[in-house]
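Okay, everyone, thanks for coming. I'd like to walk you through the empty spaces in this structure and what fills one of them.

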Amino acid sequence: MEVIICPNAKRVGEVAAAKAARIAAPIGAKVVLGVATGSSPVQTFTELARLANAGELDLSEASAFALDEYVGIAKGHPESYHEIIRKTVTEPMGLDPARVHVPNGFADDLPAACVAYEEAIKAAGGVDIQFLGVGSNGHIGFNEPTSSLSSRTRIKTLAARTREDNARFFDSIDQVPRHCLTQGLGTIMDARHVILVATGPGKAHAIAQVVEGPITAMYPGSVLQLHQHATIVVDEEAAAELSLVDYYKQTYANLPDWQRLDV
Ligand code: F6R
């Protein structure tokens, strides 16, 4: 795992986007992005859009696959992930909407929608760069604690803590859906590169468990320790419970020239 500690949230977005641009360059215009919703990746996506619009990153034929979607919220609902991905990814990055995919949480046959989603990812050649946030309980996607470490896209019940955390996006907690469709941990692990971003003190415990704790379904993000190309970009607050902060900082400060990010 590569752990990069940044002074603030803005820098987290810039570094994560620079890392993604570095990975995307040799892949070219047809890069396949895996995209998350929530607060964490917003600055990263803003910066990616800036790079794309400045001609520094070619996303002209890029595809995107969202991690998850609530069940039972219509596509046009402002909190549906279809809508959020449209506003934070598709439009700012200028992606062709036909190439942007979100699980269908409104399908009559939800298990079939999950199978179709896995097939669509496969048909696109797999995800090149998967962006992730992390829940305060260590979830990635909506793979809540005790999720199978090899799970595929499926229906999950949201943990009480996740519903409480996401209540800020709704008028009341009663409106937060109880179920979702989410890429599995096995699906996420198939991505060729993974970039997880986290900011703020509310993520400090989860980040320490994900990066330095045991690999356990109790902190699903810890499965990323088994990924060959996982980069974790955090601010000082989210890094606060890591024990090897000095090591991560020294490593980043002393990267060889060829690995250095131009930010
Ligand atoms: C969202 C997702 C979740 C969030 C996580 C953190 O698509 O898959 O895992 O990344 O809940 O959410 P924020 O960034 O809002 O703290």
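**Cavity, pocket, ligand**

So, let's start with the largest cavity, which has a volume of about 30 Å³. Keep in mind as we go that this is a predicted model. If you set the bar at 30 Å³ or more, the structure holds one cavity. Who lines the largest cavity? That would be Ala 20, Ala 24, Leu 33, Leu 48, Leu 57, Leu 59 and Ile 129. Sorted by class, that lining comes out as seven nonpolar residues, with no polar and no charged ones.

Okay, on to the pocket. The largest pocket has a volume of about 500 Å³. It is lined by 29 residues, and the ones closest to its centre are Gly 38, Ser 39, Ser 40, Val 134 and Lys 203. What does the mix look like by class? For the lining of the largest pocket we get 10 nonpolar, 15 polar and four charged residues.

In terms of secondary structure, α1, running 9-27, and α5, running 160-166, each put at least two residues into the lining of the largest pocket. The largest share comes from α5, with three residues.

Now, where is the ligand? It sits in the largest pocket. There are 14 residues surrounding the ligand, and the closest are Ser 40, Asp 68, His 139, Gly 141 and Lys 203. Split that shell by class and you have three nonpolar, eight polar and three charged residues.

For those of you who care about contacts, I have three to show, and each involves an oxygen atom of the ligand. With His 139, a polar side-chain atom is 2.7 Å from a ligand oxygen. With Ser 39, the partner is a polar backbone atom, at 2.8 Å from an oxygen of the ligand. And with Arg 168 we're back to a polar side-chain atom, this time 2.9 Å from a ligand oxygen. As for how covered the ligand is, taken alone it exposes 400 Å², and the protein buries 94% of that.

So, to recap: a cavity with a nonpolar lining, and a largest pocket with the ligand sitting in it. That's it from me, and I'm happy to go back to any of the views.

Technical notes
Residues numbered from 1 in each chain as written. Predicted model: local features only at pLDDT ≥ 70, side-chain atom pairs only at ≥ 80, totals over all residues. Heavy atoms only, no water. Near = heavy atom within 4 Å. Polar contact = N/O pair within 3.5 Å; in protein donor to acceptor, adjacent residues only side chain to side chain. Areas by Shrake-Rupley, 256 points an atom, 1.4 Å probe, with all protein chains shown as cover. 1 Å grid on protein atoms, 1.4 Å probe; cavity = no way out; pocket = protein on both sides within 12 Å on 5 of 7 lines; lining within 4 Å. Sits in = over half its atoms within 2 Å of the grid points. Nonpolar A, V, L, I, M, F, W, Y, C, P; charged D, E, K, R; others polar. Points joined across faces, edges and corners; volume = space filled by probe spheres on them. Helix = DSSP H or I, 4+ residues; strand = E, 2+ residues; numbered from the N terminus.
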